[in-house]
Amino acid sequence: MSWGAELWDQFDNLEKHTQWGIDVLERYIKFVKERTEIELSYAKQLRNLSKKYQPKKSSKEEEEYRYTSCRAFLSTLHETGDYAGQHEVISENMTAQILADLARYVQELKQERKANFHDGRKAQQHIETCWKQLESSKRRFERDCKEAERAQQYFEKMDADINVTKADVEKARQQAQIRHQMAEDSRADYSSILQKFNQEQHEYYHTHIPNIFQKIQEMEERRIVKIGESMKTYAEVDRQVIPIIGKCLDGIVTAAEAIDQKSDSQLVIEAYKSGFEPPGDIEFEDYTQPMKRTVSDNSLSNPRGDGKPELKFGGKSKGKLWPFIKKNKLSLKLGAAPEDFSNLPPEQRRKKLQQKVDELNKEIQKEMDQRDAITKMKGVYLKNPQMGDPASLDHKLAEVTQTAERLRLEAQKFEAWLAEVEGRLPGRGDPGRRQSGMYEGQQPPAGHNCAQDRESSPDGSYTEEQSQESEVKVLAADFDDEFDDEEPLPAIGTCKALYMFEGQNEGTISVAEGETLYVIEEDKGDGWTRIRRKEDEEGYVPTSYVEVYLDKNAKGAKTYI
């Protein structure tokens, strides 16, 4: 169907319709532009969301990602980031393949439409001019004909009147002839203009307008095709990222399927296993019999067995504290966690020490690699002095060697602690007497602050066992209050306070640095020594805080250290 044949008289409507078509195209361009902005905004929000829940470096969250469920969540975060990237690709491709192309096309379309309708208006103005000329010629011909007819009637009237002179009649006859000639000239001119107009009109309606309308029709159809192609591209841009988005989703599913609840449960065991054995049965104490205090390895009483009652635990529970007993409120913190991780249960301590040894070995290897590189570079400088001064590397080489030696000594120290925990080296205390002897207190190494050792904390935070033994001491001390009338324990030696200790909790005593005191009960392997300042002022202090001088001849002078 041709617009020129069917819509020859709809020039104004076609002008409005083509303008509407351009408006539709521009509205579609605006739609795509807003879509790209939404895709970018969505991608940014997804990336921020993924980044928000990423584990922070050197934080507890990193340790949590040992669990398969947390690793699956981490994979989900990574896949979400990749998923966001595909939305950025959608925005970029739509901008490049649709928006840029349509923006250029719409400008060309406007120019083409303007040119076509300019030609149409020009043709309209020409035919209108021809029509006006025809109308003017027609009116002139009509006027001349009427004038000629009136002149002919006047001549006939003068010729019939006998009173008119012959000269007047001749004059009227000549006038009538002139009018007739003018009418004939107007008729010829009108006929010529009419023929020309008909020709122009035929060309206008059958040639010019059809050609112009054909161009406009083709322009409009190209616009329609263009918007259709853009819509296909719009869909294709989305379709191109579907396989990658599918892979992202498949990655999330794969990570979810890799979750192993049994493995996570085992990790919980490894993370929190203390290495202690469950407590045994508690022996029955018969209060109907005469009260007789029995000596226990973990008693806080006089080891001489002076008749004071003491707490006694039987079976496996010896030296152990029951998990349901409330811990003593010895909450004093004298510093950071001990360097040897003795504040942890045996199994956790072993893991921490092993981790520290591995880290130190990595640092040592790094320093050794650096030393080898410097040594190699020094050899190159020796062979080629123009490349550099070999002596300039001596300071750096010495520094790296010193660092490596320091790290090696540090690693040996932690390896010794690790060997103790693993049973390769004898631990402090009698293993036969205490089931967790390798875990108990040891003398702090030279050059280290005793306030950071496990025996330095009177709150018993280093192990549950020590905390429990502290509680046993407190309980025994409370129990001993009923026997104040008995003879106080004799001194078995003296001690000198190496550090200040504030005994703020029940059962402990404060000492000043350099103070000399009497020892009335030595350390039995639990990290505490019982001392006396005056006849009525005694209590416990951490063994690592004092230097003990036992009297070899004193009764009951036996060391567990």
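This briefing introduces the helices, nonpolar cores and cysteines of the structure above. The model is a predicted one. Its helix α4, covering residues 68-160, holds 93 residues and spans 134 Å from the first C-alpha to the last, which is close to the 138 Å expected at 1.5 Å a residue. The largest nonpolar core is made up of 37 residues, and α2, α4 and α5 each supply at least two of them.

**Helix α4 and its neighbour T36**
- Although the end-to-end reach of α4 is close to the expected value, the helix has a kink of about 35° centred on T95.
- T95 is also among the residues touched by T36, together with S91, M94 and L99, when residues up to four places away in sequence are not counted.
- T36 itself lies in helix α2, and T36 counts as buried because its relative accessibility is 5%, which is under the 20% cut-off.

**Nonpolar cores**
- Within the largest core, the residues with the most contacts are L25, Y28, V32, M94, I98, F213 and I216.
- The helices that each supply at least two residues of this core include α2 (11-52) and α5 (166-257).
- A second core of 14 residues is separate, and F501, I509, V541 and V546 are among its members.
- I216 touches W3, T18, N116 and F117, again leaving out residues up to four places away in sequence.

**Cysteines**
- A disulfide is a covalent bond between the sulfur atoms of two cysteines, and a search of the whole structure finds 0 of them.
- C70 counts as partly exposed at 21% relative accessibility, whereas C248 counts as buried at 4%.

Conventions:
Residues are numbered from 1 along each chain as its sequence is written. This is a predicted model: local features need pLDDT of at least 70, side-chain atom pairs count only at pLDDT 80 or more; totals for chains, interfaces and linings use all residues. Side-chain values use heavy atoms; hydrogens and water are left out. Helices (H or I, at least four residues) and strands (E, at least two) are DSSP runs, numbered from the N terminus. The expected span of a helix is 1.5 Å times one less than its number of residues. The bend at a residue is the angle between axes fitted to the seven residues ending there and the seven starting there. A disulfide is a pair of cysteine sulfur atoms within 2.5 Å. Buried means under 20% relative accessible area, exposed over 50%, partly exposed in between (1.4 Å probe, protein chains only). A nonpolar core is a set of buried Ala, Val, Leu, Ile, Met, Phe, Trp, Tyr and Cys residues joined through side-chain atoms within 4.5 Å. Contact means heavy atoms within 4.5 Å.
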